[in-house]
Amino acid sequence: GEVGMAAVVGIGPYEVRKALEGVADVWSANENGPNQVVIAGTKAGMNGAEDKLKAAGARGIIPLPVSGPFHTPLMADAAGALEQTLNDMEFNGPTKLVWSNVNAAPVTSGEEARSLLVKQITGAVRWVDLTEAIAATKPDSIYEGGPGAVLSGLWKKSGLDGICETAGSAENLDSIQNN
């Protein structure tokens with residue numbers, strides 16, 4: 001059936017999760033900030049959740065132009081395919097502290113990294129929980145891996161202590177590696 005994602009503006013992850021209880025085929029997918037969460041699922045599921053989300057205080061629900069219901073159980077086939085691919089690869093444990101957006105905790109081994117990569121296909125991105133957990137450790141430095149600056153921008157909007165810097169270029173990575 002038809003699937004998609006929508007930004008829920010005005011309430012946070014905990015309110016969204018509570019509002020979605022008992023609603024079929026829709027999940028909290030990206031918990032980006034205290035007042036912005038992305039839901040995903042079937043169109044019918046998202047439509048069925050609209051009144052509950054508004055009753056919970058959502059100011060708006062904005063459909064997003066995406067091709068799938070990312071970070072939900074509806075992505076199980078993709079997760080299975082990724083798992084098969086990753087099973088043929090060796091994973092070493094991290095040499096620097098790496099945090100997972102699936103469980104909002106540090107990755108402790110190569111096997112855990114492999115498992116979490118698969119789980120992130122079907123599990124919510126728990127950015128709010130993750131940033132709070134990282135901030136509680138009072139880190140000296142925080143880096144966003146990959147291209148762009150979406151996560152460092154969300155960190156800045158969170159109001160938490162510390163600065164999240166981007167690490168998407170070769171120069172950035174060289175600088176981090178030498179620290």
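Me: Why does Glu-31 count as buried?
Reply: In this predicted model, Glu-31 has a relative accessibility of 2%, and the word buried is kept for residues under 20% relative accessible area, so Glu-31 counts as buried.

Me: What makes the pair Arg-17 and Glu-31 a salt bridge?
Reply: The side chains of Arg-17 and Glu-31 meet with N and O at 2.8 Å, and the term asks for a side-chain nitrogen of Lys or Arg within 4 Å of a carboxyl oxygen of Asp or Glu, so the pair qualifies. Arg-17 belongs to helix H1 and Glu-31 to strand E2 (residues 26-33), so the salt bridge ties together parts that are 14 residues apart in sequence.

Me: Is Arg-17 called buried, partly exposed or exposed, and how do you know?
Reply: The relative accessible area of Arg-17 is 32%, and since buried means under 20% and exposed means over 50%, the value falls in between and Arg-17 is therefore called partly exposed.

Me: How do you know that Asp-129 and Arg-17 meet in a salt bridge?
Reply: For the side chains of Asp-129 and Arg-17 the N to O value is 3.5 Å, and because the cut-off is 4 Å, the pair is accepted as a salt bridge. Asp-129 lies in helix H5 whereas Arg-17 lies in helix H1, so this pair ties together parts that are 112 residues apart in sequence. Arg-17, Glu-31 and Asp-129 are also linked, together with Arg-126, in a network of salt bridges, and a search of the whole structure finds six salt bridges.

Me: Why does Asp-129 count as buried?
Reply: Its relative accessibility is 13%, and because the limit for buried is under 20%, Asp-129 counts as buried.

Me: With which side chains does Asp-129 make a polar contact, and what makes each one count?
Reply: The side chain of Asp-129 makes one polar contact with the side chain of Tyr-14, at 2.4 Å, and another with the side chain of Arg-126, at 2.8 Å. The term requires N or O atoms within 3.5 Å, so both values meet the distance part of the rule. Leaving aside neighbours within four places in sequence, Asp-129 is in contact with Tyr-14, Arg-17, Glu-31 and Ala-104.

Me: How do the axes of helix H1 and helix H5 cross, and which residues make the contact?
Reply: The axes of helix H1 (residues 13-20) and helix H5 (residues 127-136) come within 10 Å and cross at roughly 145°. Pro-13, Tyr-14 and Arg-17 of H1 make this contact with Val-128, Asp-129 and Glu-132 of H5, and these residues divide into three nonpolar, no polar and three charged.

Me: What makes Lys-18 and Glu-21 a salt bridge, and are these residues buried or exposed?
Reply: The closest N and O atoms of Lys-18 and Glu-21 are 3.6 Å apart, and because the limit is 4 Å, the pair is a salt bridge. Lys-18 has a relative accessible area of 56%, and because exposed means over 50%, Lys-18 is exposed. Glu-21, with 48%, does not pass that limit and is not under 20%, so Glu-21 is partly exposed.

Me: Why is Leu-20 called buried, and what does Leu-20 touch?
Reply: Leu-20, found in helix H1, has a relative accessible area of 7%, and because this is under 20%, Leu-20 is buried. Not counting residues up to four places away in sequence, Leu-20 touches Val-26, Trp-27, Ser-28, Ile-39, Ala-49 and Leu-53.

Me: Which residues touch the most other members of the largest nonpolar core?
Reply: Of the 14 residues in this core, these are Val-8, Val-16, Leu-20, Val-26, Ile-39 and Leu-53. Two or more residues come from each of strand E1 (3-9), H1, strand E3 (36-42) and helix H2 (43-55). A second, separate core of seven residues includes Trp-127, Leu-130, Ile-134 and Leu-154.

Me: Where is His-71 found, and which backbone oxygen does the side chain of His-71 reach?
Reply: His-71 is found in the loop between strand E4 (60-64) and helix H3 (76-86). The side chain of His-71 reaches the backbone oxygen of Gln-120 at 2.7 Å, while the backbone oxygen of Gly-123 lies 3.3 Å from a polar atom of that side chain; the cut-off for a polar contact is 3.5 Å, so both values fall within the cut-off.

Notes. Residues numbered from 1 in each chain as written. Predicted model: local features only at pLDDT ≥ 70, side-chain atom pairs only at ≥ 80, totals over all residues. Heavy atoms only, no water. Axes fitted to C-alpha atoms, helices over the stretch in contact; angles between N-to-C directions. Helix = DSSP H or I, 4+ residues; strand = E, 2+ residues; numbered from the N terminus. Contact = heavy atoms within 4.5 Å. Nonpolar A, V, L, I, M, F, W, Y, C, P; charged D, E, K, R; others polar. Polar contact = N/O pair within 3.5 Å; in protein donor to acceptor, adjacent residues only side chain to side chain. Buried < 20%, exposed > 50% of the residue type's maximum accessible area, 1.4 Å probe, protein only. Core = buried A, V, L, I, M, F, W, Y, C linked by side-chain atoms within 4.5 Å.
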